[in-house]
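Please walk through this model from its sheet to its ligands and then to its backbone. The text below follows that path.

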Amino acid sequence: MRRNAHLRYFGGSLSLCHAAAHCQTISIKAENNHCGNQRRAHTAHAGRNIRLHHSGQNRHTPAEDCGRGEEEKLEVKIRDEKQRNKNQKEEHGFMKDVYQRLAEFLDTMPQRFPVNTESGVELRVLKNIFSPDEAEMFLNLKPKPETAAQIAARIGEDPGKLGKKLYEMSKKGLAFRSGREGNYKYMASAFLVGIIEFQMNRMTPELLKEWDEFEPLLYKSTWLKGTTRDLRTIPIGEAVDPNSQVMPYENIEETIRNAKYVAISDCMCRRITAIKNNPCAHPMEVCFHFGGSCHYFVENGLARYISNEEALEIFKKGKASGLVCQVSASQETNALCMCCDCCCGPLRAVKACAKPAEMVNSNFFAKVSDDECTGCELCAERCPMDAITVDDVARVDLDRCIGCGVCAVTCPVEAIKVYRKEKDKEFVPEKNIFESTMAIYKQRRE
Ligand code: SF4
Ligand code: SF4
Ligand code: SF4
């Protein structure tokens, strides 16, 4: 979209060209000012910088001194004009443009983002998270880490000021920050998984009001597309039949034991239900981070470091509570979510599908031994996917079973266990996060 505005002032003309890209250009021609100087000034505005040049000699003459005064006035006028334009845009709803561009940019990320929805709820959500200035800044980021100096050189900003701004944005979860103090790098992050999780401490009633409408659209346009999900489901170890193979990347207890860093944070989904006065009975602090990503969560006040032993204790409580284990998509496990079907966005989204088993990445399924089952119904009560019905004995609907093992760990007679699927039905995760992200990128565009 292109919009032109011509504004008269100072006996000259100001032309404002608003192109669809991430920059605005203001050209100003000022002639015949009141000192009688024949003068041209050209102001280029890229982001927040204003550079003012005027042609002529470098010697100071009274007329030029007078001209310098005029330059200052000109700068003030430009500032005022910019503010007026900004106010006008806000009044006329033109600020939507930056959020529209932000939505479109987020949709270019591998995970995607809903755009052009009928109600425009995605723009209202973004507006509740980003200020217009922050949204513009986000549009300047790349989906790969760069130092503030590199970004500043790329977009023509002052590195010091930009570094401060990016750090502040990253503290709000509006840009991902990697590395440690003095050596930070910044990058654009996906909305889900990413920006929305980083907003855990910034949830407002206004955002949550939009969230209710937005969440189903978000999962439909992102998570449920393609075949590789952002999280894969793994079974609780004790639930697995002893003759079934468990791959190292499906053994979360080993991951916890071997992790160099472990951090724990509250479950965002349960936080949301708690804010809505509908607190969940399951434990709150059960979102695990492993390795380097811990630092971002801890430094942003979203998580705390814990020892491997404490992590195993928390994990044990989560299992006892009947939570489903969901880990990062790739074989490199850098996160473990312990999820419930009452709060968890991803689980609720797959549960609403006719065949949840087809919508999760899991290599296991539950099976009941008719000879041993007493029909006590405990497994059916615990199953998060409503996959079990009990007549005389329990029956598992394999289209609904996601192989989590929640049913098996409390069966009083060990009549139900989870088993590994046949080789041709197995989901082999990508080796690392880069490869799983690329798979997601490709599949969500097919
Ligand atoms: S995905 Fe699961 S653990 Fe993660 S925030 Fe949602 S419910 Fe909590
Ligand atoms: S919990 Fe065990 S015994 Fe009870 S219905 Fe389920 S499988 Fe049967
Ligand atoms: S039957 Fe239900 S609880 Fe048991 S593994 Fe399947 S989905 Fe999980």
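Which residue of S13 does Val324 stand opposite? Val324 stands opposite Cys339 in S13, where strands are DSSP runs of E of at least two residues and helices are runs of H or I of at least four, both numbered from the N terminus. This is a predicted model, in which local features need pLDDT of at least 70 and side-chain atom pairs count only at pLDDT 80 or more, whereas totals for chains, interfaces and linings use all residues, and side-chain values use heavy atoms, with hydrogens and water left out. Residues are numbered from 1 along each chain as its sequence is written, while chains are lettered from A and ligands numbered from 1 in the order in which they are written.

The strands just named belong to a pairing between S12 (residues 324-328) and S13 (residues 335-339), which is antiparallel and runs over four bridges; two strands count as paired if DSSP finds at least two bridges between them. In the wider arrangement, six strands make up an open sheet with antiparallel pairing, in the order S8-S12-S13-S10-S9-S11. Its edges are strand S8 (231-234) and strand S11 (303-306), each of which pairs on one side only, and the twist averages 30° from one strand to the next. Helix H12 (residues 308-320) lies across S9 (262-265), S10 (287-290), S11, S12 and S13, and runs at about 115° to S11; axes are lines fitted to C-alpha atoms, for helices over the stretch in contact, and angles run from 0 to 180 degrees between N-to-C directions, with contact meaning heavy atoms within 4.5 Å.

Strand S13 also leads to ligand 1, since it gives the most to the shell around that ligand, with three residues, and both H10 and S13 supply at least two. The residues around ligand 1 are Cys267, Met268, Cys269, Cys287, Cys337, Met338, Cys339 and Cys344, a residue being near a molecule if one of its heavy atoms lies within 4 Å of it. By class, this shell has eight nonpolar, no polar and no charged residues, where Ala, Val, Leu, Ile, Met, Phe, Trp, Tyr, Cys and Pro count as nonpolar, Asp, Glu, Lys and Arg as charged, and the others, Gly among them, as polar.

The surroundings of ligand 3 include Cys383, Cys401, Cys404 and Cys407, and its shell divides into nine nonpolar, two polar and no charged residues. Around ligand 2, the residues include Cys373, Cys376, Cys379 and Cys411, and the shell divides into nine nonpolar, two polar and one charged.

Two backbone features remain. Most residues other than glycine have a negative phi, and most peptide bonds are trans. Asn277, in the loop between helix H10 (268-275) and S10, has a positive phi of about 60° although it is not a glycine. The peptide bond from Leu192 to Val193 is cis, with omega near 0°, and Val193 is found in helix H7 (residues 191-198).
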